Amino acid sequence: GVGFFIINEVRKTTEDVGVTIDSLVAYNITVTNNGDEYIIGINVTENFPHELELLSWDTKWRRGGPHDDWKWERYPGTNVFYIDNGGDQDLYSFIPSHESVVLRLVFQAIKKGTFNNTAKVESKSTTPVVVTSPNTIVADAVLNVTKTANVTVTANNTLVNYTIVVNNTGLIDVTDVNIVDVLPGNLTYAGKWGIIDANGARITEISALNWEVSKIFAGSHVSIWFTATVNTTEYGIITNVVKVKCNENDTEVSDEANVTVVPVVLNVTKTANVTVVANDTLVNYTIVVENVGDGNATVVNVTDLLPVGLVYSDWGIIDANGAGVANTTLANGVEFIISNITAGKSVSLWIEVRAVGFGNLTNNVTVYSSENKTPVKDNETVEVGPVILNVTKTANVAVVANNTLVNYTIAVSNV
């Protein structure tokens, strides 16, 4: 016979809390019999809002187990569903004890709005139970993107760091967000990128400068960065564009960041503290490197090559203007690396050499930077001559008596 039964759990859930128009929305109505007897004559009445249109339902009353051939059916012209086991619905639409059944309904969103969906579950001998789904939002997917660079003015062969922020300003979550950055020909991707803020999303670079974001929640954002190298001999504005779209809205949104490339122009002058010097004496040279361009120079290389007859001795800084300077002694000279020279500034150094030869000895200095590899040069010539001494000695008398004074004169001349 039919005994007592208890319905102590009826749940209604939705798989989609936020969708766009024409999207599908699925609801699951779960009825659990926690009693020891069958529940007979189960009916589920679905009350859905006018923003939704019922498309289909899953006829399977459950997956696997006994009675797997039973199915959900709908009374014609109604929104009432029952379990059809091929017999009398009033007697045999039942849920076995300690079993759960799920009615899955699929709708299409046809109008914007925020709404919920109710269902009434009743049987022949129970008080109806009404359950309400969480709110579903039907709205447009709205994304916007901003792109910025860490500099507005830069020089050739320098790194630019770009930041991309994608905001979900709409009311619904968006998925499979695609971010594509389009580099112009005068920028080269440096192969480095990172996540600033994922806000729970999974962000993957599926190819160079092409990212996929799993989900951006409504009202949230994601942000990433990447670096690119300027590789141009032309000057002016470089425009870099980013494009974004998502699964819910395939209309691209975009933004751009502009960076102005300016020239780095270096001058170098070299002077000596003497023009003529003798062998085995010290000569002090002053080297002044000036940045007369509009862009900052970095990793400035200063190479001073000594001719035969001059030997490097020492060096020092006259005015670094805040730059770092490192030196390396070469077989025939010295090399300096200046960390940076700001536009309009200069760095002054001195080097000391010893003359060990004769003749007109020309000392060359060459300068270039990371941004401008074309070298600039200057030189200074010092004459190193021999020292030839003559000496003459004379007396003030040619004949003298004993016990008298004689005055001698010694003259030393450099001829």
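Helices and strands here are DSSP runs, with at least four residues for a helix and at least two for a strand. On that basis the protein chain holds one helix and 36 strands. The model is a predicted one.

## Overall form

The protein chain has a radius of gyration of 45 Å. The globule rule gives 22 Å for 415 residues, so the chain is more spread out than a compact globule. The C-alpha trace spans about 170 × 40 × 30 Å along its principal axes.

Burial comes next. Of the 415 residues, 39% count as buried. The accessible surface of the chain is about 21,000 Å². Carbon and sulfur atoms account for 50% of that surface.

Contacts can be split by sequence separation. Take those between residues at least 6 apart in sequence: 70% of them join residues at least 24 apart.

The chain carries 24 positive and 43 negative side chains. The centres of these two sets lie 2 Å apart.

## Nonpolar cores

The largest nonpolar core has 33 residues. Ile 164, Val 166, Val 177 and Ile 179 have the most contacts inside this core. Several strands give two or more residues to the core, among them β15 (143-149), β17 (159-168), β18 (174-182) and β19 (187-197). Further along the chain, β21 (210-216), β22 (221-230), β23 (236-246) and β24 (249-261) do so as well. The largest share, five residues, comes from β22.

A second core of 32 residues is separate. Val 289, Val 302, Ile 338 and Ala 355 are included in this second core.

Which residues does Ile 164 contact, leaving aside neighbours within four places in sequence? The list includes Val 145, Thr 146 and Lys 147. Ile 179 and Asp 181 are also partners, as is Trp 211. Val 222, Ser 223, Ile 224 and Phe 226 touch Ile 164 too, and Val 242 completes the set.

## Selected strand residues

Four strand residues are set out below, each with a distance to a second residue.

| Residue | Relative accessibility | Partner | Separation in sequence | C-alpha to C-alpha distance |
|---|---|---|---|---|
| Ile 95 | 0% | Thr 269 | 174 residues | 97 Å |
| Gly 359 | 29% | Pro 386 | 27 residues | 8.8 Å |
| Leu 389 | 55% | Asn 414 | 25 residues | 4.5 Å |
| Lys 215 | 31% | Trp 193 | 22 residues | 19 Å |

Ile 95 sits in strand β9 (residues 94-95). Buried means under 20% relative accessible area. Ile 95 has 0%, so it counts as buried. Beyond residues up to four places away in sequence, Ile 95 touches Val 31, Asn 33, Glu 37 and Tyr 38, and also Ile 39, Ile 42, Ile 83 and Val 101.

Gly 359 belongs to strand β33 (residues 359-368). This glycine is partly exposed at 29% relative accessibility. Not counting residues up to four places away in sequence, Gly 359 touches Val 382, Glu 383 and Val 384.

Leu 389 lies in strand β35 (residues 389-395). Is Leu 389 buried or exposed? At 55% relative accessibility, Leu 389 counts as exposed. With residues up to four places away in sequence set aside, Leu 389 touches Val 412, Ser 413 and Asn 414. The C-alpha atoms of Leu 389 and Asn 414 are 4.5 Å apart.

Lys 215 is part of strand β21, one of the strands that give two or more residues to the largest core. Lys 215 itself counts as partly exposed, at 31% relative accessibility. Leaving aside neighbours within four places in sequence, Lys 215 is in contact with Asp 173, Val 174, Thr 175 and Ala 201.

## Two positive phi values

Most residues other than glycine have a negative phi. Two loop residues have positive values.

Phi of Leu 209 is near 60°. Leu 209 lies in the loop between β20 (203-207) and β21. With a relative accessible area of 5%, Leu 209 is buried.

Asn 321 has a phi of about 50°, again positive in a residue that is not a glycine. Asn 321 lies in the loop between β29 (310-319) and β30 (325-330). The relative accessible area of Asn 321 is 40%, so this residue is partly exposed.

Methods. Residues numbered from 1 in each chain as written. Predicted model: local features only at pLDDT ≥ 70, side-chain atom pairs only at ≥ 80, totals over all residues. Heavy atoms only, no water. Rg over C-alpha atoms; globule rule 2.2 N^0.38 Å. Buried < 20%, exposed > 50% of the residue type's maximum accessible area, 1.4 Å probe, protein only. Contact = heavy atoms within 4.5 Å. Areas by Shrake-Rupley, 256 points an atom, 1.4 Å probe, with all protein chains shown as cover. Lys, Arg positive; Asp, Glu negative; His and termini not counted. Charge placed at Lys NZ, Arg CZ, Asp CG, Glu CD. Core = buried A, V, L, I, M, F, W, Y, C linked by side-chain atoms within 4.5 Å.
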